[in-house]
Amino acid sequence: MAAEKTSETKQPPLIPIKVKSTLDQSLQPSLIWVPESAKTTPAPLLVFLHSWSGNYKQDNAKWLNEARKRGWIYLHPDFRGVNQQPEACGSRLARQDILDAIAYVIEHYHVDQSRIYLAGSSGGGHMTMLMVGHHPDRFSAASAWVGISELADWYQFHVKDGEPQNYARMILKSLQGKPGASAEIDAEYRDRSPLYWIANATEVPLDLNAGVTDGKTGSVPFAHTLRAFNMLAEKNQTTPVSKAEMQQLWDHGKLQTPTPTDQMSDETYGRDIHLRRNSGVARVTIFQGGHEGLPEPACEWLSKQSRDTSTFGKNRTGQK
């Protein structure tokens with residue numbers, strides 16, 4: 001899902017690394033690219049998260065190119081690979097793998113810790129929102145695209161005529177049961193669903209995005225992104241996106257009464273914008289498109305964000 005299919009021709013070499021998990025001591029793989037400048041001068045770090053059915057070897061060359069041309073370090077962690085086992089799919093182990101990989105890069109290279117950026121599409125968008133919810137102090141800013149915000153709801157979306165389809169079956173393998181099967185399983189669904197944690201990240205600049213046809217032409221209804229934004233709006237005591245507006249976008253692909261921010265243009269997207277709202281340091285954008293991430297506008301927005309994270313983990317474990 002949402003993997004970039006571009007050729008790897010002329011791409012800079014990605015370096016494989018293995019980092020010991022601080023939770024179960026297993027060696028977990030990642031790929032990194034480091035500009036020469038980062039060996040002596042602090043550089044921003046882009047942590048890009050693979051999609052639902054991918055792993056750290058997934059080809060996300062367009063995102064790598066955005067990091068490369070900006071002189072950013074690029075980190076592509078595995079976080080337990082494809083979401084079809086309990087250790088993956090937003091588990092505590094998977095979340096810690098990302099933190100451990102970031103710590104490794106900080107230890108071995110010169111990282112500007114006021115510019116640690118997180119991004120991902122689809123399953124990577126799910127994990128981006130989940131990470132900033134559980135560990136908001138680790139990230140300077142984050143850009144999430146077409147992400148899943150509530151796993152129980154997404155499970156139901158992929159059950160047809162009572163039969164779990166592909167993504168629902170993958171959730172069952174990861175969560176070990178369907179929603180409502182037990183209190184323990186329901187607690188896992190909640191722990192791994194960004195909707196219940198993202199309000200912790202009101203101080204993190206967040207860029208939430210989805211295509212207006214996703215859920216019809218794609219696998220994740222755009223309401224997942226809007227509902228996540230509304231949790232931030234509730235915490236910030238700002239106006240949420242209404243249910244009526246969500247329905248208008250679903251039914252007609254546009255709003256009946258757009259606000260001034262909805263009508264703005266954004267050349268970096270190269271697409272029509274159907275909704276754009278802000279709450280605190282977060283923004284949400286529904287653009288003309290489907291189940292996809294747009295690397296250029298994501299990295300252009302991230303490049304303008306700065307927030308010191310150097311105290312992360314000091315005098316505490318940095319874990320949940």
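What follows is a short round of questions and answers about this predicted model.

The model is predicted, so local features need pLDDT of at least 70 and side-chain atom pairs count only at pLDDT 80 or more, while totals for chains, interfaces and linings use all residues. Residues are numbered from 1 along each chain as its sequence is written, and side-chain values use heavy atoms, with hydrogens and water left out.

Q: Why is arginine 276 called buried or exposed?
A: Buried means under 20% relative accessible area, exposed over 50%, and partly exposed in between (1.4 Å probe, protein chains only). Arginine 276 comes out at 3%, so buried is the word. This arginine sits in strand E10.

Q: What makes a residue a contact of arginine 276?
A: Contact means heavy atoms within 4.5 Å. Leaving aside residues up to four places away in sequence, arginine 276 touches Thr261, Asp262, Met264, Asp266, Tyr269, Arg283, Val284 and Thr285.

Q: What is serine 303 called, and why?
A: Its relative accessible area is 24%, which lies between the two cut-offs, so serine 303 counts as partly exposed. Serine 303 lies in the segment after H9 and touches Arg70, Trp72, Arg115 and Tyr117, again not counting residues up to four places away in sequence.

Q: How do you know that E1 and E2 pair?
A: Two strands pair if DSSP finds at least two bridges between them. E1 and strand E2 (residues 27-33) have 6, in the antiparallel sense, so they pair. Isoleucine 17 stands opposite serine 30 in E2. As for the names, helices (H or I, at least four residues) and strands (E, at least two) are DSSP runs, numbered from the N terminus.

Q: Why are strands E1 and E10 said to stand at the edges?
A: The open sheet has 9 strands in the order E1-E2-E4-E3-E5-E6-E9-E11-E10, with mixed pairing. Strand E1 (15-20) and strand E10 (273-279) each have a single partner strand, so one side of each is left without a neighbour in the sheet.

Q: What makes one face of H8 the buried one?
A: In helix H8 (residues 243-252), Glu245, Met246, Gln248 and Leu249 are buried. Seen down the axis, these buried residues fall within an arc of 160°, so they line one face of the helix; the arc is that of the directions from the helix axis to the C-beta atoms. Their cover includes helix H7 (223-236), E10 and E11. After H8 comes glycine 253, with a positive phi near 75°.
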